[in-house]
Amino acid sequence: MDALLVVNAGSSSLKFQVFGIAGMDLTRQIRGKIDGIGTRPRLQATAADNSQLIDQTYDAKAVHDLPAAITEARRWLLTLEGFELRAVGHRVVHGGPDYARPVLIDAAVLDRLASYQDLAPLHQPNNLAPIRLAMEINPDVPQVACFDTAFHRGHAKHTDCYALPQSFYDEGVRRYGFHGLSYEYIAERLREVTPQKARGRVIVAHLGSGASMCALRDGRSIESTMGFTALDGLPMGTRPGQLDPGVVLYLMTHKGMSAEKVSDLLYHDAGLKGLSGLSSDMRELLASGDPNAALAVAHFVYRCVLNTGMLAAALGGVDAFVFTAGVGENSAPIRARIVEGLGWLGAELDPAANEAGAALISTAKSRIALHVIPTDEELMIARHTLELINAHAA
């Protein structure tokens with residue numbers, strides 16, 4: 001069977017999926033991951049029928065970093081029979097000003113993508129590591145980069161520029177937006193779930209460890225809460241979200257913090273983790289009786305509601321609101337609290353549907369439809385990869 005491998009690499013985990021190819025049709029064959037890299041490494045994979053293919057733990061020293069995890073995942077994948085690998089699709093967080101669509105990777109493209117590492121230090125180096133290794137091991141297998149920023153390209157310039165001299169915009173200092181692969185999937189899925197709403201004004205809340213929101217009009221990105229980097233917008237697991245740049249100046253001039261220390265704070269020790277002093281995990285915060293945990297949750301909900309107002313203004317109204325990603329798909333309490341703050345938009349929650357995790361959680365009287373739609377970034381990567389390699393083969 002011809003197959004595509006999709007790789008989504010993070011700082012402490014490596015996710016991968018194998019899709020079978022039949023013409024232009026894709027069938028998910030394997031879903032796997034290695035998480036706990038460097039602490040409690042564990043390789044898990046399931047088949048299309050959800051049967052377990054492997055569940056193996058490792059000594060922390062054996063899988064101590066991402067390259068080691070990639071090597072271990074590759075070793076296991078090579079034991080599989082019946083798959084002929086045609087291409088590898090990779091999630092790459094930042095495409096910078098140069099890449100507005102998926103691209104075949106060569107050495108020049110890889111070097112260009114590496115130049116954006118300072119714009120996404122938590123993600124970009126990890127995204128590029130498996131690409132480098134794959135190009136060394138299988139130089140004849142096409143590698144395709146799919147960008148989280150690409151879906152947001154095409155915004156009007158006045159929405160994406162900062163109030164800085166034009167020269168900064170020209171060199172790429174502008175608002176990009178992220179989680180684009182997730183939003184692209186939701187936009188396509190909405191056309192199947194509710195075609196009429198999909199053509200209208202929709203706000204999508206991608207709420208997970210990384211969190212952002214996006215305004216869609218007729219399935220196209222109009223505005224996003226994230227900007228130049230993935231630090232902006234909503235508070236996240238370990239990132240602060242919107243922050244007065246004067247705070248950074250204060251940390252450097254009055255607290256004596258270096259740029260490296262400020263970066264470490266903003267990427268690793270802020271957000272829900274920093275505010276609560278306990279955890280970056282929303283589940284742990286909701287279960288805790290600590291007042292600082294309650295503060296972090298309240299801040300997260302408030303900023304989600306506040307940013308909904310901004311996106312509603314950009315759209316000129318709202319027809320539907322979609323929850324997606326880990327928190328959005330699985331946390332009924334967070335959904336309920338956010339919807340409570342959207343009463344001014346006419347949002348009305350069906351509590352029973354919300355608790356059950358139904359696809360539609362609004363009442364019949366609600367002026368805006370409230371949906372819960374699981375995202376599928378890996379499927380979007382597979383689709384883009386197949387389309388691109390077929391185009392180049394034609």
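**Strand S12 and two helix sites**

Q: Which strand does S9 join, and how many bridges are there?
A: Strand S9 (residues 201–207) runs parallel to S12, with five bridges between them. Strands pair if DSSP finds at least two bridges. This is a predicted model: local features need pLDDT of at least 70, side-chain atom pairs count only at pLDDT 80 or more, and totals for chains, interfaces and linings use all residues. Residues are numbered from 1 along each chain as its sequence is written, and side-chain values use heavy atoms, with hydrogens and water left out.

Q: What stands opposite threonine 324 of S12?
A: Histidine 206.

Q: And S13, how many bridges with S12?
A: Four, in the parallel sense, with S13 spanning residues 369–372. Valine 372 in S13 is the bridge partner of phenylalanine 323. Strands here are DSSP E runs of at least two residues, helices H or I runs of at least four, numbered from the N terminus.

Q: Is S12 (residues 320–324) mostly covered or mostly open?
A: Mostly covered: five of its five residues are buried. Buried means under 20% relative accessible area (1.4 Å probe, protein chains only).

Q: Which residues lie on which side?
A: Ala320, Val322 and Thr324 are on one side, Phe321 and Phe323 on the other. In a regular strand, side chains alternate between the two faces of the sheet.

Q: New topic. Asparagine 307, buried or exposed?
A: Buried, at 7% relative accessible area. Asparagine 307 is found in helix H12 (residues 291–315).

Q: What does asparagine 307 contact?
A: Leaving aside neighbours within four places in sequence, Met213, Thr225 and Leu234. Contact means heavy atoms within 4.5 Å.

Note on methods. Buried < 20%, exposed > 50% of the residue type's maximum accessible area, 1.4 Å probe, protein only.
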